[in-house]
Amino acid sequence: MKKIIWIKHASQLATLASGKQGPRAKTDMSELGIIEDGSLWIENGYIQAVGTTRELEGKYGERAEEAEIVDASGCLVTPGLVDPHTHVVYGGSREREFEMRLEGATYMDIMNAGGGIHATTRMTRDASEAELIEQATRRLDSFLAHGVTTVEGKSGYGMNLETELKQLRVMKKLQETHPIDLVPTFMGAHAVPLEYKGREDEFIDYLIENVLPVVMEEGLAVFNDVFCEKGVFTPEQSERMLEAGKRVGLIPKIHADEIESYGGAELAAKVGAISAEHLLKASEEGIQAMAKSGTIACLLPATALYLREEAAAGRRMIDEGVPVAISTDCNPGSSPTTSMPLVMNLACISMRLTPAEALTAATYNAACAIKSEDKVGSLEIGKQGDVVLWDVKNYQELQYLFGVNHVKSVWKKGVQVVGKTTN
């Protein structure tokens with residue numbers, strides 16, 4: 001296998017390069033850095049040159065025999081997609097709950113009856129590491145097939161020391177063995193375990209005193225997330241959990257304002273969270289606070305669709321200056337999907353993002369939401385050769401032809417992992 005990939009003649013090469021640092025908001029989210037008749041030179045897994053085909057032919061023409069040449073004529077080329085919010089490692093499935101919701105049960109009805117997160121917790125506690133690796137590998141393979149090359153993964157289906165560590169150790173092993181980059185988040189405060197019902201403060205104490213130290217000792221997580229929601233954890237309990245994580249070096253994230261407006265967006269800004277997730281019911285005050293703090297809104301339109309809820313106010317957030325990322329929220333109960341192309345479509349249809357904004361939200365801003373923008377999220381010299389070749393001619397067509405996987409080929413660190421070889 002040749003160590004050089006030379007992609008030529010892309011109808012559009014959407015580099016997502018803008019020359020600006022940090023997550024993008026407002027009109028910056030429409031800057032895709034498009035190169036017509038674009039070309040990309042990847043060597044030893046990293047991007048060495050980006051430009052027009054003519055420019056790269058002038059620079060590398062004499063080395064053409066060293067490269068695997070990819071003719072991208074008539075196709076769109078983008079960075080590998082980044083999914084910044086998933087629960088990809090879990091045991092079992094919950095298809096019966098899908099039917100229950102269609103019969104009238106609410107998400108919180110099911111959870112309060114011992115279903116929902118509690119059901120997956122039981123199945124994840126019972127599963128072996130090998131079983132979790134097998135199930136998660138299938139999901140990661142599907143992510144790759146849909147153009148996703150980097151995924152954030154949360155624990156939170158254990159809510160005890162043994163299973164939280166099991167989930168995070170599985171992620172660590174998958175990071176070492178699977179082509180996808182898997183970025184780990186500790187989310188022990190995902191729900192209140194049944195054995196702690198009514199003793200939520202004690203459970204937060206347990207996580208802080210007994211679980212966080214081991215997670216950090218083994219280097220198993222980068223982020224710390226909490227479900228701040230009425231009936232789960234209060235803003236005060238959530239703040240205590242997030243501040244404890246900060247003290248040991250974990251970057252805060254927060255599940256916020258999904259079911260009710262509960263001050264989660266405001267709390268995200270207060271604690272300096274890198275991102276706030278869901279935000280279906282975020283208040284105007286919360287949106288303004290996030291715009292000031294630079295907290296990224298990680299929006300999950302497939303979850304809203306699946307729960308038959310109105311999607312988050314993505315258009316308003318962008319217009320108010322909040323950087324927006326989007327994600328599948330891959331999980332067994334409220335969004336069992338691995339299709340980021342569908343999520344981009346839904347971001348346009350249900351949240352009124354433009355096609356350019358949706359692509360930014362699924363690449364560069366998504367990378368910023370997991371502190372990976374120095375490696376992935378755009379096609380720039382020195383970054384990983386994570387690339388998707390789409391069977392559409394431009395970025396507008398990618399969003400226009402919705403509900404279809406247009407992925408033709410995917411490269412991860414310069415190695416083709418989806419599609420047939422092109423020589």
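The axes spoken of in this tour are lines fitted to C-alpha atoms, for helices over the stretch in contact, with angles running from 0 to 180 degrees between N-to-C directions. The model on screen is a predicted one.

**Stop one: two packed helices.** Select helix 6 (residues 161-177) together with helix 7, whose axes come within 10 Å of one another and cross at roughly 35°. Two packed helices are described in just this way, by the angle between their axes and the distance between the axes. The crossing of helix 6 and helix 7 is right-handed. To see the side chains that meet here, show L161, E164, L165 and L168 from helix 6, and then Y206, N210, V211, V214 and V215 from helix 7. Coloured by character, the residues of this contact divide into seven nonpolar, one polar and one charged.

**Stop two: the largest nonpolar core.** Now display the 102 residues of the largest nonpolar core, in which I254, L279, M317, V324 and I326 touch the most other members. Helix 7, which spans residues 200-217, gives the most to this core, contributing eight residues. Centre the view on I326 and, setting aside residues up to four places away in sequence, look for what it touches: V82, P84, L299, M340, V343, M344, A347, M351, A358, A361 and A362. A second core, separate from this one, has 16 residues, and I7, V70, V387 and W411 are among them.

**Stop three: S327.** Move next to S327, which is found in the loop between strand 13 (324-326) and helix 13 (340-351). Is S327 buried or exposed? S327 counts as buried because its relative accessibility is 0%, and the cut-off for burial is under 20%. Show its side chain with that of D83, and a polar contact of 2.5 Å can be found joining the two. Leaving aside neighbours within four places in sequence, S327 is also in contact with further residues, including P84, H85, C298, L299, L300 and P301, as well as M340 and V343.

**Stop four: T53.** Finish at T53, which lies in helix 1 (residues 53-60). T53 has a relative accessible area of 1%, and therefore it is buried. Which residues is T53 in contact with, leaving aside its neighbours within four places in sequence? Select K8, H9, D37, G38 and S39 to display them. For a last distance, pick the C-alpha atoms of T53 and L144, which are 91 residues apart along the chain and are separated by 27 Å.

Terms used:
Residues are numbered from 1 along each chain as its sequence is written. This is a predicted model: local features need pLDDT of at least 70, side-chain atom pairs count only at pLDDT 80 or more; totals for chains, interfaces and linings use all residues. Side-chain values use heavy atoms; hydrogens and water are left out. A nonpolar core is a set of buried Ala, Val, Leu, Ile, Met, Phe, Trp, Tyr and Cys residues joined through side-chain atoms within 4.5 Å. Buried means under 20% relative accessible area, exposed over 50%, partly exposed in between (1.4 Å probe, protein chains only). Helices (H or I, at least four residues) and strands (E, at least two) are DSSP runs, numbered from the N terminus. Contact means heavy atoms within 4.5 Å. A crossing is left-handed if the near helix is turned anticlockwise from the far one by less than a right angle, and right-handed if clockwise. Ala, Val, Leu, Ile, Met, Phe, Trp, Tyr, Cys and Pro count as nonpolar, Asp, Glu, Lys and Arg as charged, and the others, Gly among them, as polar. A polar contact is a pair of N or O atoms within 3.5 Å; within protein, one must be able to donate a hydrogen and the other to accept it, and residues adjacent in sequence count only if both atoms are side-chain atoms.
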